[in-house]
Amino acid sequence: MNHAIIDIGSNSMRLTLYEIAGTAFKVLLKTKYMAGLAGYVKEGSLLPEGIERAYSGLLEFKGILDSLQIESYSVFATASLRNIANTDAALAAIHDATGFYVEVLSADDEEYFGYVGAMRERNITRGVEVDIGGASTEIVTFDDNRMQKGLSFPVGSLSLYRDYVPKIFPGRHSIHLIEQELTQQMEGNEELSVETRPLLVCVGGTSRAVLKFAKVLCPLSPDSHTLSSSQLLSICDYLSSGDKEAIDLILKLEPERIHTLIPGLMIMKHVCVLFHSTTLIISSYGVREGYLCERVIGRTTV
């Protein structure tokens, strides 16, 4: 069977179509819509323009599903609709415009599905996993193939840009403010048990973008999904320098992330340093695949 998943994120919205055979699956189609919903939040509520951005993206996806005659699909949202004061009103407006019923994942579900998705691609027994989104970051520690602790932090690549970067690209003062915010949110959280975790598994669009830059700057082999902490720090220093060559490279490889890449990269660096990680694995899978395994494949195979 074929099943599509639509993920409404705070920065991008994504449609992924899967072919499912028993407990196995493969990706048939991927497309995204850069909605930037976190940029439309004012005084805790998603503005009407943001709601319109959300359902405009969904209508594009609906057209794709209709053209491919896909009748089996799931639509969910993460912090984009979870961390706003007018969630119910936004969901109602989206349903009226598109006919889609959107499931809003809890922070616990998002942490768990991100972990399940990442582990579906790679069997790793111990480490820490980070999922960097537009408005939130989820950190999960795991040991002996079991999730130990999951925490969600209200900092993401787009929300940090919105709060601390007055222009398109962050200067030294903005970078300093972002570092302070990350320290306060993560190192000041008593629930986050910080211990040395040499292996860091990275999930999300920021992480995949960083891998692109690593393959150009380090360089890595075309099929590599692993980089060292020293390579990450070097990439972060270079791309955040503000040099014209660095900005030109971002515009060449990830133009849609020109404003969010550095804040997202700083989150990635902060978690890496916090857990003294030495090796980073960039996962192709994440929350969508975890959701697919647990909510779709798990339901059809029971």
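**Exercise 1. Determine which residues V102 contacts beyond its neighbours within four places in sequence, and where V102 lies in the fold.**

*Solution.* Step 1: with neighbours within four places in sequence set aside, V102 is in contact with I8, V75, F76, A77, L81, L91 and I94. The model under study is a predicted one.

Step 2: V102 belongs to the loop that runs between α3 (87-98) and β7 (103-104).

Step 3: take I8 from the contact list. In sequence, V102 and I8 are 94 residues apart, while their C-alpha atoms are 8.8 Å apart in space.

Step 4: the relative accessible area of V102 is 13%. A residue counts as buried under 20%, so V102 is buried.

**Exercise 2. State whether S174 is buried or exposed, and identify its contacts.**

*Solution.* Step 1: S174 is placed in helix α6, which covers residues 172-187.

Step 2: its relative accessible area is 5%. With the limit for burial at under 20%, S174 is therefore buried.

Step 3: not counting residues up to four places away in sequence, S174 touches Y164, V165 and P166.

**Exercise 3. Describe the largest nonpolar core and the other core that lies apart from it.**

*Solution.* Step 1: the largest nonpolar core holds 49 residues, and I139, M186, L227 and L239 touch the most other members.

Step 2: helix α10 (residues 261-274) gives this core its largest share, 9 residues.

Step 3: another core, of 25 residues, lies apart from it; I8, A35, F61 and I84 are among its members.

Step 4: return to L239, one of the residues of the largest core that touch the most other members. Residues up to four places away in sequence not being counted, L239 touches F169, F213, L217, A246, L249, I250, L261, I262 and L265.

**Exercise 4. Establish how many helices and strands the protein has, and assess its overall form.**

*Solution.* Step 1: the protein contains 11 helices and 13 strands.

Step 2: its radius of gyration is 19 Å, close to the 19 Å given by the globule rule for 302 residues, so the protein is as compact as a globular protein of that length.

Step 3: along the principal axes, the C-alpha atoms fill a box of roughly 45 × 45 × 40 Å.

Step 4: 52% of the 302 residues count as buried. Among contacts with a separation of 6 or more, 68% are accounted for by residues 24 or more positions apart.

**Exercise 5. Characterise the exposed area and the charged side chains of the protein.**

*Solution.* Step 1: the protein exposes about 13,300 Å², of which carbon and sulfur atoms supply 49%.

Step 2: there are 27 positive and 37 negative side chains, and the centres of these two sets lie 5 Å apart.

Definitions and conventions. Residues numbered from 1 in each chain as written. Predicted model: local features only at pLDDT ≥ 70, side-chain atom pairs only at ≥ 80, totals over all residues. Heavy atoms only, no water. Helix = DSSP H or I, 4+ residues; strand = E, 2+ residues; numbered from the N terminus. Rg over C-alpha atoms; globule rule 2.2 N^0.38 Å. Buried < 20%, exposed > 50% of the residue type's maximum accessible area, 1.4 Å probe, protein only. Contact = heavy atoms within 4.5 Å. Areas by Shrake-Rupley, 256 points an atom, 1.4 Å probe, with all protein chains shown as cover. Lys, Arg positive; Asp, Glu negative; His and termini not counted. Charge placed at Lys NZ, Arg CZ, Asp CG, Glu CD. Core = buried A, V, L, I, M, F, W, Y, C linked by side-chain atoms within 4.5 Å.
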